[in-house]
Amino acid sequence: MNNILLFPLRSDLKHPLELWTPTYAFWQMWEGRPNLSQSLLLGFYLFLFGLGLTTAWQKNGWMGFLPLVLNLVYNLWTSLALLSGQRFMLTMDWSVYLYYMIGLFALLSAFLFALENGRSLILKWYEENTISLAAHVSLPNIPQYLFAEILFLGVGLSLPWSEKIFSQRYPLESQESMRSVLAAQTNVDAACLKKVVDDNQLTFVQGRALYPRYYEAGFGESFTDAVGYKAVDEGRLVFEMIGQKKARIVFPLLETPKFFPNASDVTLAFDNNGEMWFVLVKQGNTQAAYSSTLFDPAICK
C-alpha cells in the first residue's frame, strides 16, 4: 500500500503559494484514515494500478507480472532480514510507476478509440479543405537556423550562469554579527551570551528548516527507530536543515515552540560535539529564539 501512495492524497490547500513552498504541516495530520475525497482518489489509483497490471498481462503474458513479482520478492527479503522503514520501499517504487504509466496509456487508448467514430467525418473534412503546399516551399533560412542554435546554446549555459547572477541565499557572515542578532531576540544578556559562546566554543550556521515537528518526552513515531523520531525520554524539536549545514537537527526543548513554521530561516548555535544550544527562527517579519536544555540561565546570574 505504501507503493500505491506514490501519487498525492492531499485534499485541502491553505494557500495557492503552498504549491511552491509548503508552510502548513499537512503531513502531520495524516494518520492513515482517508476522508471521502481521499478515498475516492485512492480508489482511482487502485483502478489505475489494476488497469496497468491487466494491460501488461494481456500484452506480455506472464512477463507482465515480472515488475510486481520483483517488488513482492524484494519486500519479502527485507522482512526476512528484519529491515523496516519507508526508505527500503523507495527502491521498488519504479515498478508501481511502471504500472501507473501503462494504466494511463490504456486510458488514453480508450479515449482515442472512443473518438474513432468521428474519424471518417474528420477525414472527409480534411480532404475537402486540403491546401496545396507546393507554393509555400522555400529554401532553408540560414539565419533562422543560426538563431535557433544560439538560443539552445544560451539555454544550456543559463544553468552555470545562474549561479553567478543570483546571490547566495545564506552568505557567510561573521560569528559576532550572528551572535548579536541572536542576543537581540533572546532574554539572555549580551555579555552572558558572549561568555556562553566563548566557554563552549559555539559555532553559528544559517539555513532553512524543513518539516519541523515537536515531540514531548516519551513520545515519537512507533513505525521507525530513526534518530529524533523514535520515542525517547526527552522533549525535542526535529527538522531537516539545508543551507550552510545539511543535516537532521534534533533540538532539545522542554515545550512546544510557539513560532516555528515550515520553510523558515534559522540560525543555529552548536558546540564542537554537535550539541545544539540556541536556535533563531525567522519567516517574513516574525522571528523568535529558543534555548535548548543545555543552557542554564543560572550562568547569567
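Before I start: I call two parts in contact when their heavy atoms are within 4.5 Å.

**Helix α7.** I'm working with a predicted model here. I looked up what helix α7, residues 175-185, touches. α7 lies across four strands: β1, β4 (264-270), β5 (276-283) and β6. I also noted its direction, and α7 runs at about 40° to β1.

**The whole chain.** Next I stepped back to see what else is there. I got eight helices and six strands for the protein chain. Reading along the sequence, I hit the eight α entries before the six β entries.

**The sheet.** In what order do the six strands sit in the sheet? I wrote down β3-β2-β1-β4-β5-β6, an open sheet with antiparallel pairing. Strands of a sheet pair through backbone hydrogen bonds, as I reminded myself. Then I checked the edges: β3 (247-252) and β6 (286-291) each have a single partner strand, so one side of each has no neighbour in the sheet. The twist averages 35° from one strand to the next.

**One pair up close.** I picked β1 (residues 203-215) and β2 (residues 236-243). These two are antiparallel, and I found seven bridges between them. For L210, I traced the bridge partner in β2 to E240.

**Burial and surface.** How much of the chain is buried? I got 28% of the 301 residues. The accessible surface comes to about 21,100 Å², and 63% of that belongs to carbon and sulfur atoms.

**Long-range contacts.** Last, I looked at contacts between residues at least 6 apart in sequence; 59% of these join residues at least 24 apart.

Conventions. Residues numbered from 1 in each chain as written. Predicted model: local features only at pLDDT ≥ 70, side-chain atom pairs only at ≥ 80, totals over all residues. Heavy atoms only, no water. Pairing = 2+ DSSP bridges. Axes fitted to C-alpha atoms, helices over the stretch in contact; angles between N-to-C directions. Buried < 20%, exposed > 50% of the residue type's maximum accessible area, 1.4 Å probe, protein only. Areas by Shrake-Rupley, 256 points an atom, 1.4 Å probe, with all protein chains shown as cover.
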